[in-house]
Amino acid sequence: MRMKKLSAAVLIALALSLTVALSACGGCNEPAPAPNEAKANAVTAVVWGYEWGPAIPKVVVEFSENVKDIDKSTFTVKMGSKNRTVTDAYASDAKGNKTTADTKYAAIEMSVKYGEASPFTYSQTTNKNDWAESVTVTVVAAKEFTVGTAKWEKGKKFTYKCGKENRIVPQTESWKKDSYKHSEGGKEIVLQRASWSPEGAATDGGKNPLVIWLHGMGEGGTDIDIALLGNEVTALTTENTTNVQKYFTTSDCKGAYVLAVQTPTMWMDDGDGENNVDKPGTEKQPSMYTEALFGAISSYVESNSDVDTNRIYLGGCSNGGYMTMNMAFEHGDYFTAFYPVCEAYNNSKITDAMIEQIKDYKMWFVQSDDDMTVLPNKFVKPTYLRLLQAGAQNVHFTFTGAVKGTDDPNPTSWTGSGKYDGHWVWIYAFNDQIKTQLDNSAISSLEDMTSAKCTKEGNMWQWLAQQTKAA
């Protein structure tokens, strides 16, 4: 049976299609006709990553001349058919940074809630996110202001189609992006990579750990920004206000390097373009990307002499959680510890020999009880129980009852108001909210693993940062 969704992508796309009108026009910043069109040159969207995925909290408007006399009451903004709530407006540079210098740019900031202003569109055919061809942005003067020597009268408006080339993604600008080519069986596989370095890491006096993230199904493709934004991977870096770098920072270590790798299809693809979760006739749950991914990781490590090879941590969500487990089975000794989130490696495909192989690995599992996409009783719970029964000592399991966020504490979704889909438990990981775990000494059956019993103290990121191969 084919799994219908292994990331937030499908459900995000369905929700956002109701609130963001995406233009079919392929042109960028081509003005659409309006009855009282005013003279402005272009609109650029500023994209930001949130716990549920990317959204547009700011647009930068380029006028024909210098702009003056603007504040948050100057404009109203509509994206597609949805009116946005303007929270601030100011003179800026071309990237939307506030400035006191003469400038022809104005930045308009807007509040963001889950389900509005996504720059992504989801394909049911490819099961992947992509950038929307364009988003229609209409800006109306709510009061008079000045452009050059002329007054822009109240009520004047302009409408532009902000194309996918007209975007700024501040959180990913500090990442180094490249690709890795792997040849196997007469075929070439190309994976996209993005790496982030802590400031001063190369000269801090010691080697630094490496944290690796593997994306979910909807974030495959050839644009690594989609993988960095589909899940809030930027929370692994100091580009986010909430981030986990503090756990990896000491007096002689400026933090952890971060590596994200993107597959062109999905990690579960064993060569036929389909996920292999329930494929009959296979003992394991193989991936065509196993050796390509290992090459992408190991070649990065070899090229960065500052990476501490005793502290390499691998994790991912859903499809990426599956691939985390797959790499543990295929190349486990290379890594120091694993943090699979809502992992989708079918327990029925894991032999007793495979359990014996990984029982001494350091692992922290995360799952939500209400996950209807990757069913806990089919995946993580029986696997975890088998690890404990095999004598595993350094394995941990955070089992939550529901997924609630902080960027939008009360999201309205198909599950009802107040929580996200139960599959999206990576939100807790990126919000640094994994602070409890199950008590392994009290687990002897699947029934012992309930979210209500997940009360033992345990901080996943702190634990991860403490793991070394020597210990």
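Colleague: How many cavities of 30 Å³ or more are there in this one?

Modeller: In this predicted model, the count comes to two cavities of 30 Å³ or more.

Colleague: And how much space lies in the largest cavity?

Modeller: The largest cavity holds about 90 Å³ of space.

Colleague: Which residues lie nearest its centre?

Modeller: The lining of the largest cavity is made up of 13 residues, and those nearest the centre are Pro119, Val135, Cys162, Gly163 and Lys164. By character, the lining divides into eight nonpolar residues, three polar ones and two charged ones.

Colleague: Which strands supply at least two residues of that lining?

Modeller: Strand 1 (40-50), strand 10 (134-141) and strand 13 each supply at least two residues of the lining of the largest cavity.

Colleague: Let's stay with strand 10: why is it described as largely enclosed?

Modeller: Seven of the eight residues of strand 10 are buried, so the rest of the structure largely encloses this strand.

Colleague: What does strand 10 pair with, and over how many bridges?

Modeller: Strand 10 pairs with strand 4 in the antiparallel sense, over five bridges, and within strand 10 valine 139 has valine 77 opposite. Strand 10 also runs antiparallel to strand 13, to which seven bridges join it, and here valine 137 stands opposite tyrosine 160 of strand 13.

Colleague: Switching to the small sheet, what is the order of its three strands?

Modeller: That open sheet has the order 3-11-12, and its pairing is antiparallel. Strand 3 (67-68) and strand 12 (150-152) each have a single partner strand and stand at the edges, so one side of each has no neighbour in the sheet.

Colleague: How many bridges join strand 11 to strand 12?

Modeller: Three bridges join these two antiparallel strands, and threonine 146 stands opposite lysine 151 in strand 12.

Colleague: Now the rings: how many aromatic pairs does the count come to?

Modeller: The count comes to 29 aromatic pairs. One of them is formed by phenylalanine 63 and phenylalanine 158, which are edge-to-face, at 6.1 Å centre to centre and with 75° between the planes. This pair links distant parts of the chain, since phenylalanine 63 belongs to strand 2 (residues 53-63) and phenylalanine 158 to strand 13 (residues 157-163), 95 residues apart.

Colleague: Are those two phenylalanines, 63 and 158, buried or exposed?

Modeller: Phenylalanine 63 and phenylalanine 158 are both buried.

Colleague: What about phenylalanine 75 and phenylalanine 145, why is that pair edge-to-face?

Modeller: Their ring centres are 5.1 Å apart and their planes stand at 75°, so the pair counts as edge-to-face, the cut-off for that being over 60 degrees. The pair again links distant parts of the chain, with phenylalanine 75 in strand 4 (residues 75-79) and phenylalanine 145 in strand 11 (residues 145-147), 70 residues apart.

Colleague: And where do those two stand on burial, buried or exposed?

Modeller: Phenylalanine 75 has 4% relative accessibility and therefore counts as buried, while phenylalanine 145 is buried with a relative accessible area of 1%.

Colleague: Which residues form the aromatic cluster?

Modeller: Tyr50, Trp52, Tyr114, Tyr420, Trp424 and Trp426 form one aromatic cluster.

Colleague: Last topic, charges over rings: what sits over tyrosine 90, and what lies over tryptophan 131?

Modeller: Over the ring of tyrosine 90 sits the charged end of lysine 98, 4.7 Å from the ring's centre. Over the face of tryptophan 131 lies arginine 167, at 3.6 Å from the ring centre.

Methods: Residues are numbered from 1 along each chain as its sequence is written. This is a predicted model: local features need pLDDT of at least 70, side-chain atom pairs count only at pLDDT 80 or more; totals for chains, interfaces and linings use all residues. Side-chain values use heavy atoms; hydrogens and water are left out. Rings of Phe, Tyr and Trp (its six-membered ring) pair if their centres lie within 6.5 Å; planes under 30 degrees apart count as stacked, over 60 as edge-to-face and the rest as tilted. Helices (H or I, at least four residues) and strands (E, at least two) are DSSP runs, numbered from the N terminus. Buried means under 20% relative accessible area, exposed over 50%, partly exposed in between (1.4 Å probe, protein chains only). A charge sits over a ring if NZ of Lys or CZ of Arg is within 6 Å of the ring centre and within 35 degrees of the ring normal. Two strands pair if DSSP finds at least two bridges between them. On a 1 Å grid over the protein atoms alone, a cavity is a set of points where a 1.4 Å probe fits but cannot get out, and a pocket is an open set with protein on both sides within 12 Å along at least five of seven lines; lining residues have an atom within 4 Å of a point. Grid points are joined across faces, edges and corners, and a volume is the space filled by probe spheres set on the points. Ala, Val, Leu, Ile, Met, Phe, Trp, Tyr, Cys and Pro count as nonpolar, Asp, Glu, Lys and Arg as charged, and the others, Gly among them, as polar.
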